Amino acid sequence: MSNGFSGDYEEEAHWTNKANCKDRGHLMFPKRHKDITYISEARRICRQCEVRAECLQYALSFPAADMHGIWAGLTPRQLAKEQKARGVTPSKPTIAEFMADMLRYYKDKPEPKSKTNIEKIIDDDRKELN
Ligand code: SF4
């Protein structure tokens with residue numbers, strides 16, 4: 001699965017098009033906090049996925065603590081163990097680092113004439129943080 005934020009989107013789009021969870025993303029994530037009832041069905045979907053290896057490589061590039069749902073048949077805790085076993089250091093920023101970068105970017109950026117919706121949301125978030 002892709003979050004669409006990576007610079008390798010073209011390559012990712014290639015394998016995600018073959019993802020067995022494509023258009024079934026709602027089955028790969030918990031419905032509520034601490035919900036575990038979705039896991040066995042999500043794992044079944046992953047077992048039948050032809051791009052599981054690519055998905056695992058992609059998932060391992062993210063900080064496991066920020067992961068959510070099932071990726072390549074693994075829970076976030078299992079992804080963390082896999083990263084440790086492989087000696088993998090996630091290449092993607094944490095959500096906190098990503099948000100901090102975005103806030104710095106918008107703080108330093110001159111005010112545009114008209115703001116996009118995401119800029120308005122970020123402005124509102126910044127006001128709440130100050
Ligand atoms: S391995 Fe699982 S999570 Fe990854 S793309 Fe395939 S079905 Fe989706």
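**Figure 1. Buried residues of helix α3 in the predicted model.** In α3 of this predicted model, the residues C55, Y58 and A59 are buried. Looking along the axis of α3, one finds these buried residues within an arc of 95°, so they line one face of the helix. A general rule of helix geometry helps in reading this view: an α-helix has 3.6 residues a turn, so residues three or four places apart point the same way. The helix α3 also holds A53, since it covers residues 52–59. A53 counts as exposed because it has 11 C-beta neighbours inside 10 Å, and a residue with 12 or fewer is placed in that class.

**Figure 2. The largest nonpolar core.** This core has 17 residues, and C55, A59, I70, W71, A72, L74 and L79 touch the most other members. The elements α2 and α3 each give two or more residues to the core. The largest share comes from α3, with 3 residues. As a general point, nonpolar side chains in soluble globular proteins tend to be buried together.

**Figure 3. A72 and its surroundings.** A72 sits in the loop that runs between α3 and α4, the latter being residues 76–86. Is A72 buried or exposed? A72 is buried, because 21 other C-beta atoms lie within 10 Å and the class begins at 20. Apart from its neighbours within four places in sequence, A72 is in contact with C46, R52, C55, L56 and A59. Two of these partners, C55 and A59, are also among the core residues that touch the most other members. The C-alpha atom of A72 is separated by 7.3 Å from that of A53, although the two residues are 19 apart along the chain. The phi of A72 is positive, about 55°, and A72 is not a glycine. Most residues other than glycine have a negative phi.

**Figure 4. K34, a residue with positive phi in a loop.** K34 lies in the loop between α1, residues 9–16, and α2. Its phi is near 65°, a positive value in a residue that is not glycine. K34 is exposed, because 5 other C-beta atoms lie within 10 Å. A72 also has a positive phi, but A72 is buried.

**Figure 5. The shell around the ligand.** Which residues come nearest to the ligand? Of the 13 residues around the ligand, these are A19, C21, C46, C49 and C55. Two or more residues of the shell are given by each of α2, which covers 39–47, and α3. Sorted by class, the shell has 11 nonpolar residues, 1 polar residue and 1 charged residue. C55 thus appears here in the shell and also as a buried residue of α3. C46, another shell residue, is in contact with A72.

**Figure 6. The whole chain and its N-terminal residues.** The protein chain has 6 helices and 0 strands, in the order α-α-α-α-α-α along the sequence. Of its 130 residues, 14% count as buried. Among contacts between residues at least 6 apart in sequence, 46% join residues at least 24 apart. The average pLDDT of the chain is 86, and 86% of the residues score at least 70. Over residues 1–6 the pLDDT stays under 50. For residues 1–6 the model has 12 contacts beyond four places in sequence.

Note on methods: Residues are numbered from 1 along each chain as its sequence is written. This is a predicted model: local features need pLDDT of at least 70, side-chain atom pairs count only at pLDDT 80 or more; totals for chains, interfaces and linings use all residues. Helices (H or I, at least four residues) and strands (E, at least two) are DSSP runs, numbered from the N terminus. A residue is near a molecule or strand if its C-beta atom, placed from the backbone, lies within 6 Å of it. Ala, Val, Leu, Ile, Met, Phe, Trp, Tyr, Cys and Pro count as nonpolar, Asp, Glu, Lys and Arg as charged, and the others, Gly among them, as polar. A nonpolar core is a set of buried Ala, Val, Leu, Ile, Met, Phe, Trp, Tyr and Cys residues joined through C-beta atoms within 7 Å. Two residues are in contact if their C-beta atoms, placed from the backbone, lie within 7 Å. The arc is that of the directions from the helix axis to the C-beta atoms. pLDDT is the predictor's confidence in each residue, from 0 to 100.
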